[in-house]
Each structure stands twice: as structure tokens, then as C-alpha cells.
Amino acid sequence: MATTDAVRRAADPAHPAAPPVTDLLGIGARRRRFALWTGALLVLLVGSTLLGVAWGSVRLAPGVVAGVLADRAGLPVEVTWAPSSDAIVWQVRLPRVLLGIAVGAGLAVCGVALQAMVRNVLADPYLLGINSGASSGAAAAILFGFAAGLGQHALSVSAFLGAMAASALVYGIARSGGHVTAVRLLLAGVVVGYALYATTSFLIFASGSAEGARSVLFWLLGSLGLAQWGSPLVVVLVVVGATVVLLLLGSRQLDLLMIGDATARALGTSAAAARTRLLVLVSLCIGVVVAAAGSIGFVGLVVPHLARRAVGARHAYVVPVAALMGAILLVWADIVARTLLAPQEIPIGIITSLVGAPFLLILVRRLHASTTG
Amino acid sequence: MTAPRLRATGLRLSYDSRVVVDDVGLEVPAGHVLGVAGPNGSGKTTLLRMLSGERTPERGSVHLGDLDVTRASPRILARLLALVAQDEGVADTPLSAAEIVMLGRTPHLGPFQRAGAEDIAIVEDALRRVGALGLARRELATLSGGERQRVLIARALAQGAGTLLLDEPTNHLDIRYQHEVLGLVRDLAVGSEVAAVVVLHDLNLAARYCDTLLVLDGGRVAAYGVPDEVLVPEVIEPVYGIGTHRLDVDGVPHLAFHPAHESHGEPHEHLV
């Protein structure tokens, strides 16, 4: 520690030793703003979780939800509700809401990471073909019994393998011929995405099974309906949690990647190596998320923008705020998906796309305005 | 005569078997500004990339004092050498000027260490030295080109590096800001014993603000010396393929160009 200080002083003899008296740089102001947003979003997330558990085809009183949760947590509460309420809260809805929180947070932070690493605000997990890979894997499992030996995990595992294969392919193409640049990565993502989309369509066509086609369609549109207690849910929660923490710890690298490769290098960070690490992390997270919930679009694209508008571009702030926003967004999208046409359930991807598409339109218009005006 | 802060010898680098820089050497003592000029594609940016350690030369060496740049870890290097690159994507990110400058502290902070009061003081000081403290809270996108360059130079200062590399810092700036930015670099070199290397297109700016000029042509050194010796028609005309007249104003060389001049072969396309 003493040596570090010595190096600092030697490197910059002119710096003043006294700490700043006032917040000349606005750093304190941004920190307060971040704290405010985080607090508000946490409250909102807890409220959304309770409502997400309470609302559905059968509506429960919030008191019952709180009671069941307290009872399950081992607190001494008087049981005043029917056993069916306990089953709905604990067996059906809570795992589903928890999956929604994890999926939303995972998609959002992966969007943040991808937008920084390809330095393009229109990037998201879907643009890079990762989602298409997962869909192809799922289609192969549903239609042709790929990995059927794995039983109930066949779908998840093959979707996950598809996601990893797609990102490896994207990365391989982007890497061929030297440095992995942002543009090359994006183009490779689009190419691989289209190819895999065609593959999925071909699989559906070739199977000739109407029932199988319906299942694949359901998968392609995304749903939290498969959520239940068990190892798959734990895997999603752990992987998304670890992704958020790792991105938070590496937030300064994200800042540097966003600015440019030469600058990142000049500030002591190898952009190519950082990009490789990030791509592996994002692939893992998206693979696990898509395997659990199918293909849910626009969250990874929309949420990073909302987060940056709220707390500025520093990733130390953007990552946690985006995680919270993504989680809340998905819990609400699922509430709408379950209740709008109850008892029928709308695929959640339709809801997020309906919300996301106009947002994308506004974003594109604004980008256009800022480049031409 | 003290040893130069930055020294390069016999540098050579090729892309896809095309030699882009060949046998280039230079020395920059502390407190001096070296200007690198030359036509498009003459290897200026490639040279800078070797000086910054981004590219490893095939031949030759780059030293910062005793440190071999090609072998140094990026983190150590970043404490000694700062770069204001051309590819800075800061314009469209909503980072504030203060946050951009704070990134200059990265090489001094542990991977997971937060910036402390000392770092904040250094950032304030860097912004003050470039006259941009009042811009600290503004987002980069809202600043003018000249203000933005000042902020990027402040980030280089916050790095605490004794050597500063700038790749065409006057690009897209109007005349007043071109002079302002280069005047700032000059003041920092003289006032803070910084060694600076500036890639410049404008030879007249180079004449005014640089102690030494290196003119590249096809990756090789066409001329290397003080502006008074380098900026003469005999050197400039064959390099740029354009008729050149020199006028000295207040002891500073000024060049005037004549594209129609035909006695020195075809003018380069980009200068027509």
C-alpha cells in the first residue's frame, strides 16, 4: 500500500494532498442519485414480487401471501388459509416469480455488458445470435429427441449447448483474421443468428409434427410457466447472481471498453482479453436463462437504456440498477401474461416485444436525430 | 544533456507483409514536444501504436527511461505513458467529464478498488490544469470539440504519466481550438516536464508548437530535426508532392502550398 502511494506521488508531484471540500466533480451527487434509485427499485421489486405471487387466474389477498411466506420461512404464524392457497403461493407462483426476477436481471445485465463490449447501444443478446442458438437446440430436442437420454433436462441442456455453440461460432468468426473488433462481432452475430433461425425453421418443417411445432413456437415466444422448485431454478439464480457480481467487480473494464480499444489499452486493460472474458460470461448466463424461460426479447436492449438514463453511464451504477429494472420489468410482464386472457396464458415474449418495439423505434429516431442534427 | 524520456530505435512493422513503418527512430526529452507529420498512410498512427505498446515492433525497440515498452505490463506502462487516441467513443456515451477523467486513475487502482479522496483530488487538479473544472459535471456529448480534447488531456494528466502521446488531437477542431489544444500541450510539456509526441496533419501548427519534427514518407523517415530545418521546400515538396513556399513570420516558419505546381510529379490525391 505504501509503495502504491509512493508511486502515485512520484507520478504526479503536483497533486494536492488535501481531500476535496465540496463536490466539484459532481461525483457525490451521482452517488446519491444511484443510492436513491437503488432504494426505490428495491422497494418496487419487493412490492412487485408480492403482487406477482398474489395475482393470477386465482387472486389471493396480499395478507395470505405474506402469511404463507412467513409460515414457510418457519415463523410462528397462525394458519388461516386453505391448503390450496399454500400450494398456489409456494409451489406455483413463487418459483415462477423468482425465475422471472433472475431471467429479467440476467437479460438486462447481459445487455449492458454486450452494449459496452461491442460499443453499440443497439446490441443485445439476441442481436449476437446467442438466443437463436438456444432456440435451435430446443427445437432439436423437442422435435427429434436430441439428448433424450437426459430425461427432463434434455430441453434445457440442448438449449444451453445451442447457446454456447452459437456464441463460440460468433466469436470464432469475429476472431478469424486477427483482433476481435466491435463491428466484426456484431456482423458475425447477425450472420450466425440468421443461419440458426433458418435452421430452426427447417427443423420444424422437416419434422412434420404439428404438436412438436406448437411446442417449439411456445419456446420461441418465451414463458416462465416451466418454473418449479428444483435444481434448474437454483442454477439460474446462482448463474445470474454470479454474473451480476462479476460484472459489478469488472465495471471499470466495461467503462473502458465502451470508450475504445486503444484507450482501454493505454489505461492498462487489454480490450481483446476483456471482451473474450465477457463473451464467455454472457454466453453462460444467456444459455442458462434461455434454457429456463425460452426466448424473451427486448429486455436486454431496453433496460440498459433506462438504467443509463436514470444513473448515468458508469457501469458500477448501471449494472445493479439494470438488474433491478430488468427483474421488475419481467415480473410485471409475467403478471400481464398470466392475467390478461386468464385462464389462458400469453407467451411473455409477446408482452416484452409489444412494450419493447415502440421503445426501439423511439431510440432509433433519437439516434438518428443526434447524428443528423 | 539528460537522457531522453522516450527513445525508439530502428522501428519496423508490417501489416500483411506490407511494410508500414521501416527503420524509424526518435528521442523525446522531458519538457519537449515532438511532432509527427507525413501524408496519409505514411505510418504516423502505426508509429504511435508502437510507441504506446499497443503493437510490438518486428524490429527495433521502444524505451521509456530504462523500461522496455514492448515487455512492460500494460498496467505499469499506463502509469508512465498516456495516450489520447483517435478512436475515443466518448462522444456518444453519457459519462460525465469527471467520470472520464477518473478513468485515468484506473492504472493506479486495484481491480476492485474504489476511487478515494486522493483520486478525486487528482482528478480535480487535472481538470483545473486544463481549465475544464467548470465542465466536470457535464456529459461529454454536450461539450464542444475543443472542450472534449481538454477533458481527454486532463484524463492523461490524471494518469500521472510523464509521457503523453496524442493522435491528431486537432482533428475536427476549428482554428482557435487547434491553437488552444496545442498551446495546452506545449504548456504542460514546459511546465510539468512532460515529454509529448503529437501526430499532426497541419505543418504550420507543428512549426509553432513542436520542438522537433519527424516527417514520415512511406513509413520511412523523410526528415527529423527542428522545424526550421525540416520545414523547407526541399523536404516537404517531394514528400507531399505539392509546390511549397516558406514565409517566416516572427521567426516561425509558415508554409504556403500550390497544388497546380507540376515540377515535382503528380500531387497526392488527398491534397487536391
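**Figure 1. Where α5(A) meets α12(A) in the predicted model.** From α5(A), the residues I130(A), N131(A) and A134(A) come up against S283(A), I286(A), G287(A), V290(A) and A291(A) of α12(A). Sorted by class, this contact holds 5 nonpolar and 3 polar residues, with no charged ones. The helices in question run over residues 130-144 (α5) and 271-293 (α12) of chain A; their axes come within 10 Å and cross at roughly 45°. That angle makes α5(A) oblique to α12(A), since it falls outside the ranges for roughly parallel, roughly antiparallel and roughly perpendicular. As for handedness, α5(A) goes past α12(A) in a right-handed crossing.

**Figure 2. A glycine inside helix α5 of chain A, G133(A).** Is G133(A) buried or exposed? Count the other C-beta atoms within 10 Å and you get 32, so G133(A) is buried, the cut-off being 20 or more. Leaving out residues up to four places away in sequence, G133(A) touches G162(A), A163(A), A165(A), A166(A), S167(A) and L196(A). L169(A) sits 36 residues from G133(A) along the chain, and 9.7 Å separate the two C-alpha atoms.

**Figure 3. α4(A) crossing α10(A).** Here helix α4 (residues 83-117) and helix α10 (residues 251-259), both of chain A, have axes that come within 7 Å and cross at roughly 40°. The two helices are therefore oblique to each other. Which residues of α4(A) meet α10(A)? They are A113(A), A116(A) and M117(A), and what they meet on the α10(A) side is L254(A), L257(A) and M258(A). By class, the residues of this contact come out as 6 nonpolar, no polar and no charged.

**Figure 4. α2(A) alongside α14(A).** The axes of α2(A) and helix α14 (residues 315-339) of chain A come within 10 Å, crossing at roughly 25°. Angles under 35 degrees count as roughly parallel, and α2(A) and α14(A) are therefore roughly parallel to each other. The crossing of α2(A) past α14(A) is left-handed. On the α2(A) side, the residues in contact include F34(A), W37(A), L41(A), L45(A) and G52(A). Among their counterparts in α14(A) are Y317(A), P320(A), L324(A), W332(A) and D334(A). Broken down by class, the contact of α2(A) with α14(A) has 17 nonpolar, 4 polar and 1 charged residues.

**Figure 5. Over to chain B: helix α4(B) and what packs against it.** This helix covers residues 117-129, and its 13 residues should span 18 Å at 1.5 Å a residue; the end C-alpha atoms are 18 Å apart, so the two values agree. Its buried residues are D119(B), I120(B), I122(B), V123(B), E124(B), A126(B), L127(B) and R129(B). What do the buried residues of α4(B) pack against? Two of the partners come from chain B, namely α3 (97-102) and α5 (145-158), and chain A supplies α2 (27-54). Just past the end of α4(B), G131(B) has a positive phi of about 70°.

**Figure 6. Stepping back to chain A as a whole.** In secondary structure, chain A has 15 helices and 0 strands. Of its 373 residues, 49% count as buried. Take the contacts in chain A between residues at least 6 apart in sequence, and 75% of them join residues at least 24 apart.

Key:
Residues numbered from 1 in each chain as written. Chains lettered and ligands numbered in written order. Predicted model: local features only at pLDDT ≥ 70, side-chain atom pairs only at ≥ 80, totals over all residues. Axes fitted to C-alpha atoms, helices over the stretch in contact; angles between N-to-C directions. Helix = DSSP H or I, 4+ residues; strand = E, 2+ residues; numbered from the N terminus. Parallel < 35°, antiparallel > 145°, perpendicular 65-115°, else oblique. Left-handed = near helix turned anticlockwise from the far one by under 90°. Contact = placed C-beta atoms within 7 Å. Nonpolar A, V, L, I, M, F, W, Y, C, P; charged D, E, K, R; others polar. Expected span 1.5 Å × (residues − 1). Buried ≥ 20, exposed ≤ 12 C-beta atoms within 10 Å, placed from the backbone.
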